Amino acid sequence: MIVTWLYVPGDRPERFAKAAASGADAVIIDLEDAVAPARKDAALANVLAYLGDRPEGGPQIHVRVNDLAGPRGRADLAALAGAPGLDGVRVPKVESAAGVPEPGVPVYALLESAAGLLNAAEIAAHPAVAGVALGEQDLAAELSIADEGAMEGLRLGVVLAAAAAGLPPVAMSVYPDLKDEEGLVASCVRGRARGMFGRTALHPRQVPAIRRGFRPSEEEAARAREIVAAAEASDAGALALPDGRFVDAPVLRRARRVLELRERLAP
């Protein structure tokens, strides 16, 4: 499961290898918002050159294409078709299942409008879609949302759509303050508690903080160890711990997941 996704502008090829060496699980080379219109042709050429000569190993490499509603996005997809070394395509402004392309690699659909949110379930269920995420800045602008509580409600809807379609948990959007490491960690902790997992980063320095935020605490791990130990020592389908906590199969699965994440995300 991908925990950290790192954006890098497509018109900065000197940063591609640095992004790949950052420790991120996936690098997203951006052809859309991070690239000025006059530099988009060069950015696409950079991406194709990098994919054609990509070294073995390292993180997954994904490309965020331009809006498929316009010729630029369609040209991006056509150029990327069959490109070696491409692990996924990130598609902005998806508003319906009919707008999901089938490029032959996993598609990650960005829901950035009211229409996209209303159709989240059908988009998530499309067979080409490997994941969905919110484009929160575009969405907040369209809906004039300035309240975090309202945004939390929208996030939950996408979390439900992804889960119902059998997709991985929804990754969180970028945290724009590059200097606020503790704020980023705290935000990731809250996101994990609300069913989200993983996050996109704007800078390599955010990658370790995101991992910290999604790593269960030692207190959580201790509780999980107690649950697993009690379950393994009992032949009952359900049991109560000495402090009264009830343990059944879903609780045990969650405890094992906590321990797995604690181990996987160790520094």
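Author: One term first: a strand here is a DSSP run of E at least two residues long, a helix is a run of H or I at least four residues long, and both are numbered from the N terminus. Also keep in mind that this is a predicted model.

Reader: Okay, then where does K93 sit?
Author: Take the two strands on either side, β4 at 88-91 and β5 at 107-111. The number 93 comes after one run and before the other, so with strands defined as runs, K93 belongs to the loop between β4 and β5.

Reader: What is phi of K93?
Author: Here's the background: most residues other than glycine have a negative phi. K93 is a residue other than glycine, yet its phi is positive, near 55°.

Reader: Which residues share a salt-bridge network with K93?
Author: At 30% relative accessibility, K93 counts as partly exposed. Salt bridges that share partners link K93 into one network with D30, E32, D33 and R64.

Reader: Where is S144, and is this residue buried or exposed?
Author: S144 is in the loop between α6 (136-143) and α7, and its phi is also positive, about 55°, although S144 is not a glycine. The cut-off for exposed is over 50% relative accessible area. S144 has 65% relative accessibility, so the residue counts as exposed.

Reader: Let's zoom out. How many helices and strands does the protein have?
Author: You've already met β4 and β5 around K93, and α6 and α7 around S144. Across the protein, the count is 11 helices and 9 strands.

Reader: What radius of gyration does the protein have, and what would a compact globule have?
Author: The C-alpha trace spans about 65 × 40 × 35 Å along the principal axes. For 267 residues, a compact globule would be near 18 Å in radius of gyration, and the protein agrees with that, at 20 Å.

Reader: What percentage of the residues count as buried?
Author: To count as buried, a residue needs a relative accessible area under 20%. Of the 267 residues, the share that passes is 46%.

Reader: How many salt bridges does a search of the whole structure find?
Author: There are 30 positive and 36 negative charges in the protein, with mean positions 4 Å apart. A salt bridge needs a Lys or Arg side-chain nitrogen within 4 Å of an Asp or Glu carboxyl oxygen. The whole-structure search gives 19.

Reader: Which residue forms a salt bridge with R194?
Author: The closest N and O atoms of this pair are 3.2 Å apart, and the partner of R194 is E152. R194 is in the loop between α8 (181-193) and β7 (199-201), while the partner is in helix α7 (residues 148-164), so the bridge ties together parts 42 residues apart in sequence. At 40% relative accessible area R194 is partly exposed, and so at 21% is E152.

Reader: And which residue pairs with R212?
Author: R212 belongs to helix α9 (residues 206-214) and is partly exposed at 40% relative accessible area. The closest N and O atoms in this bridge are 3.4 Å apart, and the partner is E182. That ties together parts 30 residues apart in sequence, since the partner lies in helix α8; at 48% relative accessibility, the partly exposed partner is E182.

Reader: R192 and E220 meet in a salt bridge, but is R192 buried or exposed?
Author: The N to O distance in this bridge is 2.8 Å. R192 lies in helix α8 and E220 in helix α10 (residues 218-232), so the pair ties together parts 28 residues apart in sequence. E220 counts as partly exposed at 23% relative accessibility, whereas R192, at 19%, counts as buried.

Reader: Which residues does L252 touch, leaving out those up to four places away in sequence?
Author: L252 is in helix α11 (residues 249-264) and is buried, with a relative accessible area of 15%. Beyond those sequence neighbours, L252 touches I227, V228 and A231.

Reader: Last one: how far apart in space are L241 and A83?
Author: L241 lies in the loop between β8 (239-240) and β9 (246-247) and counts as buried at 5% relative accessibility. L241 touches E226, I227, A230 and V247, not counting residues up to four places away in sequence. A83 is 158 residues away from L241 in sequence, and C-alpha to C-alpha the two are apart by 54 Å.

Methods:
Residues are numbered from 1 along each chain as its sequence is written. This is a predicted model: local features need pLDDT of at least 70, side-chain atom pairs count only at pLDDT 80 or more; totals for chains, interfaces and linings use all residues. Side-chain values use heavy atoms; hydrogens and water are left out. The radius of gyration is taken over C-alpha atoms; the globule rule is 2.2 Å times the number of residues to the power 0.38. Buried means under 20% relative accessible area, exposed over 50%, partly exposed in between (1.4 Å probe, protein chains only). Lys and Arg count as positive and Asp and Glu as negative; His and the chain ends are not counted. The place of a charge is taken as NZ of Lys, CZ of Arg, CG of Asp or CD of Glu. Contact means heavy atoms within 4.5 Å.
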